[in-house]
Amino acid sequence: FSFWTDRVGFPEGVKILVLPFFSSWIISPVLWLIGAAWTWNLWMLVLLWATAWCSGLLAQQRGNSASGWLVGGLMASQPMLWLAMSDGTPEHVAFWSVPLMLVALHRVQGENPGKWGLYAGLLGGVVAMDSPYHAIFAIPFVVLYLPKLPRWGWAGLIGGSMVGLLLL
């Protein structure tokens with residue numbers, strides 16, 4: 001048990017949970033190549049870009065390309081994201097998976113609903129691994145899509161969610 005626990009808050013100690021877990025796991029090989037300081041700065045820029053791009057993609061799916069550019073730019077300039085980059089809470093910057101999950105849910109209603117439902121379920125697991133806050137805040141948006149899902153979309157979503165749950 002002591003292998004998984006670090007004694008941070010003496011005398012009781014706490015478990016350390018790296019957030020955002022999935023995004024950290026993706027960037028971890030770069031840490032060995034260029035060091036911690038460079039990796040942190042690169043990682044924050046990549047997370048900021050991914051958040052802006054995925055938010056723009058969601059807006060583009062729901063509207064048009066001009067709205068996608070606008071929403072992406074607005075997401076990249078959010079003061080909350082810039083504050084999170086400077087105060088060491090990167091789980092708030094790793095917002096990219098929420099709009100990407102909603103894009104997948106939106107595409108369930110089109111062609112290949114089983115495939116997009118599977119993607120949406122897997123991305124739901126990624127959202128929960130990156131930030132429990134984002135997972136809680138995304139629930140109302142997911143609930144809005146549920147009545148519109150076709151049967152194969154439901155099957156894919158449940159299957160992907162089960163795999164995401166196992167990963168969690």
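Begin by selecting Asn112, which sits in the loop between H5 and H6. The model on display is a predicted one, and the angles, areas and distances on this tour are computed from it.

**Stop 1: the loop before H6**

With Asn112 selected, inspect the backbone. Its phi is near 55°, a positive value in a residue that is not glycine. Most residues other than glycine have a negative phi. Is Asn112 buried or exposed, or does it fall between the two? Asn112 counts as partly exposed because its relative accessibility is 46%, and the partly exposed class lies between the limits of 20% and 50%.

**Stop 2: the whole chain**

Zoom out and colour by secondary structure. The protein chain holds 8 helices and 0 strands, and its pattern along the sequence reads α-α-α-α-α-α-α-α. Of its 168 residues, 38% count as buried. For contacts between residues at least 6 apart in sequence, 67% join residues at least 24 apart. Switch on the surface: the accessible area comes to about 10,400 Å², with 73% of it belonging to carbon and sulfur atoms.

**Stop 3: helix H4**

Next, select residues 79-87, which form helix H4. Which residues of H4 are buried? They are Leu81, Ala84 and Met85. Look down the axis of H4: these buried residues fall within an arc of 100°, so they line one face of the helix. An α-helix has 3.6 residues a turn, so residues three or four places apart point the same way. Display H2 and helix H3 (65-76) as well, since the buried residues of H4 pack against both of these helices. Then rotate to the face of H4 turned away from its buried side, where the exposed residues Pro79 and Ser86 are found. Just after H4, select Gly88, which takes a positive phi of about 85°.

**Stop 4: Trp40 on H2**

Move to Trp40, in helix H2 (residues 36-62). Trp40 is classed as partly exposed because its relative accessible area is 29%, a value between the 20% and 50% limits. Setting aside residues up to four places away in sequence, what does Trp40 touch? The partners are Met85, Gly88 and Pro90. Two of these names, Met85 and Gly88, were already met at the previous stop. For Pro90, draw a distance between C-alpha atoms: Trp40 and Pro90 are 9.7 Å apart in space and 50 residues apart in sequence.

**Stop 5: Glu91**

Continue to Glu91, located in the loop between helix H4 (79-87) and helix H5 (97-107). Glu91 counts as buried because its relative accessibility is 11%, and the limit for the buried class is under 20%. Show its surroundings: apart from neighbours within four places in sequence, Glu91 is in contact with Leu19, Pro20, Asp130, Ser131, Tyr133 and His134.

**Stop 6: the largest pocket**

Finish by displaying pockets. Rolling a probe the size of a water molecule over the atoms shows where empty space is left. The largest pocket has a volume of about 420 Å³. Its lining consists of 21 residues, and those nearest the centre are Met101, Gly124, Ile139, Val142 and Ser161. Which helices each supply at least two residues of the lining? They are helix H6 (113-130), helix H7 (132-145) and helix H8 (151-167). H8 gives the most, with 7 residues. Colouring the lining by class gives 16 nonpolar, 5 polar and no charged residues.

Technical notes:
Residues are numbered from 1 along each chain as its sequence is written. This is a predicted model: local features need pLDDT of at least 70, side-chain atom pairs count only at pLDDT 80 or more; totals for chains, interfaces and linings use all residues. Side-chain values use heavy atoms; hydrogens and water are left out. Helices (H or I, at least four residues) and strands (E, at least two) are DSSP runs, numbered from the N terminus. Buried means under 20% relative accessible area, exposed over 50%, partly exposed in between (1.4 Å probe, protein chains only). Contact means heavy atoms within 4.5 Å. On a 1 Å grid over the protein atoms alone, a cavity is a set of points where a 1.4 Å probe fits but cannot get out, and a pocket is an open set with protein on both sides within 12 Å along at least five of seven lines; lining residues have an atom within 4 Å of a point. Grid points are joined across faces, edges and corners, and a volume is the space filled by probe spheres set on the points. Ala, Val, Leu, Ile, Met, Phe, Trp, Tyr, Cys and Pro count as nonpolar, Asp, Glu, Lys and Arg as charged, and the others, Gly among them, as polar. Accessible areas come from the Shrake-Rupley method with a 1.4 Å probe; for residues, only the protein chains shown count as cover. The arc is that of the directions from the helix axis to the C-beta atoms.
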